Amino acid sequence: MRTAGVLIAIGLALALQTTLARFVVGGTTAIDLVLVTVVYIALTKGPVSGMLAGSLAGLIQDQLSTGVLGIGGLAKSIVGFVVGAIGQQFIISAALPRFVTFIGATAAYQALFMGLYVVLGLRSFPSPWKAIATQALGNAVVGMIAFTIIEALPGVIERRRIGRRSRH
Amino acid sequence: MALLDIRQRTGWLFMAVVVGHILLISTQVATRRGVPVVEALTFGVFAEVQRTTTSGIGSVRDVWQNYFALQQTRQENQQLRTEVAQLRVGLQQERALAEQSRMLQKLLDMKMETPLKTTAAYVIAGAASPDFRTATIDKGTRDGLKPDMAVISPAGVVGRIILPTSRAAKIQLLIDRDAAAGAVTERGRAQGVVVGTGTSLRFDHVSGTADIKVGDRVATSGIEGIYPKGFEIGHIESIERRAGEFSVIIIRPTVEFSSLEAVLVVLTESNLAAPAADDRSDDEGR
């Protein structure tokens, strides 16, 4: 059940990434919905789930992109594992720590991703700071919204159920 | 951190995943181009998922526009509001149709003007990762598409086919960091190579003494054998001159890559020489 949920979340994030994300802010703001999902899974399910989700999601993204298969997978695996481990060691349930976690995870992912490409001599990234900052901010905002919606959903459903019962 | 302790099961798992990825990367770096069969299979399967998602989103939007919105207005003033809403929806649909017609007319005009054999295709999805600039179109090998075929639009050069499957194809957009095309300025005939930067284009390997200025139009030179000669790429946005060296030249693309909807694929393969106009008769474009 838990695995199925993770798989569905990754599939949904990939589908939304390819169909919706290109329309966000004229398609220029690079929000990585898949990374947001990996960080969410890592924070809620722990380091192993975060790592495996990152590995799977990154590999699929690599396959669907034009890059080297495994670089995105490795970067997302490490980020998923580390975020999950940090989530187990520290209390990251308030808004600010979560926001910072999303920012840090995006920065770490980009550092790993770009670093691997540069080390292997496959790509160059002249002055990537603005793009990284924009993506980190975008991912953090999307991540915060996702957390808020997912956490509020059971309460809203319960309140509606109670309201319906009291009317009868 | 206790979790990173290699003696623990989690630690071993983490190491296994990391080593697995490194081995995977190593095999590709050695052979440069990875595992095409697996890549093609994954892309082919996911293209269907993208197609279904795009269609699903369209259906949800239709249901929202044509049912829920009208239902809400009906509560306020059922008869009149419903009529107004229906007219509005109709008007929007007409506008959308007119816009689509204009877009298709532009494509058709281009098809008539160009002596190249082309086929029209719709963009059904964007890139799976924001670090790469690719798009998926709804035509594939069964429509005659092959790798390295040029993709163009009325505004200019879009990119090239990198992975065609039977019903879809992946395009590498010209602004992708790994993309490049031979180019020449229309005014001064300065030659160079246009490379993607992720968001715009850079004009490399241009002599520091070349006759170029901001605003010059840059077109394909056809020298790499993929893009047909003379198609517009963009305008020079800024020039940084270095004595005796190449200039750092930034090009603003004429194609709006974030709102691509329909494109033309040049069916002539690499090293193209413009075929005769009557070769277009078997074109399957919309």
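This section describes the fold of chain B, its contact with chain A, and a helix pair in chain A. The model is predicted.

Chain B contains two helices and 12 strands. Along the sequence, the helices come before the strands, in the pattern α-α-β-β-β-β-β-β-β-β-β-β-β-β. The chain has 286 residues, of which 35% are buried. Contacts between residues distant in sequence were also examined. Of the contacts in chain B between residues at least 6 apart in sequence, 58% link residues at least 24 apart.

The strands of chain B were then traced through their pairing. Strands of a sheet are paired by backbone hydrogen bonds, in a parallel or an antiparallel manner. One closed barrel of six strands in chain B has the order β1-β2-β5-β4-β3-β12. Its pairing is antiparallel. Neighbouring strands of this sheet are turned against each other by 45° on average, direction ignored. Within this barrel order, β1 is followed by β2. Strand β1 of chain B spans residues 118–125, and strand β2 of chain B spans residues 134–137. The two pair in the antiparallel sense, over two bridges. Ala125(B) has Thr136(B) in β2(B) as its bridge partner.

Another six strands of chain B close into a barrel in the order β6-β7-β8-β11-β10-β9. Here, too, the pairing is antiparallel. From one strand to the next, the twist averages 40°.

Strand β8 of chain B covers residues 201–204. In the barrel order it stands between β7 and β11. On one side, four bridges join β8(B) to strand β7 of chain B, residues 191–196. These two strands run antiparallel. Val195(B) lies opposite Arg202(B) of β8(B). β7(B) and β8(B) form a hairpin, with four residues between the strands. Gly198(B), in the turn, has a positive phi of about 105°. Strand β11 of chain B, residues 248–253, is joined to β8(B) by three bridges. This pair is also antiparallel. Phe203(B) stands opposite Ile249(B) of β11(B).

The two faces of β8(B) are distinct: one is covered and the other uncovered. Leu201(B) and Phe203(B) belong to the covered face. Arg202(B) and Asp204(B) belong to the uncovered face. Thus the residue opposite Ile249(B) is Phe203(B), on the covered face of β8(B). The residue opposite Val195(B) is Arg202(B), on the uncovered face.

The contact between the chains was examined next. It takes 44 residues from chain B and 42 residues from chain A. On the side of chain B that touches chain A, the elements giving two or more residues are α1 (9–31) and α2 (36–113) of chain B. α1(B) gives the most, with 11 residues. By class, this side of chain B has 23 nonpolar, 16 polar and five charged residues.

In chain A, a helix pair was analysed. Two packed helices are described by the angle between their axes and by the distance between those axes. Helix α1 of chain A (residues 2–19) packs against helix α3 of chain A (residues 47–64) at an angle of about 35°. The axes are 11 Å apart. The crossing of α1(A) and α3(A) is right-handed. From α1(A), the contact involves Val6(A), Ile10(A) and Leu14(A). From α3(A), Ser49(A), Ala53(A), Leu56(A), Ala57(A) and Ile60(A) take part. The contact of α1(A) with α3(A) has seven nonpolar residues, one polar residue and no charged residues.

Key: Residues are numbered from 1 along each chain as its sequence is written. Chains are lettered from A and ligands numbered from 1 in the order in which they are written. This is a predicted model: local features need pLDDT of at least 70, side-chain atom pairs count only at pLDDT 80 or more; totals for chains, interfaces and linings use all residues. Axes are lines fitted to C-alpha atoms, for helices over the stretch in contact, and angles run from 0 to 180 degrees between N-to-C directions. A crossing is left-handed if the near helix is turned anticlockwise from the far one by less than a right angle, and right-handed if clockwise. Two residues are in contact if their C-beta atoms, placed from the backbone, lie within 7 Å. Ala, Val, Leu, Ile, Met, Phe, Trp, Tyr, Cys and Pro count as nonpolar, Asp, Glu, Lys and Arg as charged, and the others, Gly among them, as polar. A residue is buried if 20 or more other C-beta atoms lie within 10 Å of its own, exposed if 12 or fewer, and partly exposed in between; C-beta atoms are placed from the backbone. Two strands pair if DSSP finds at least two bridges between them.
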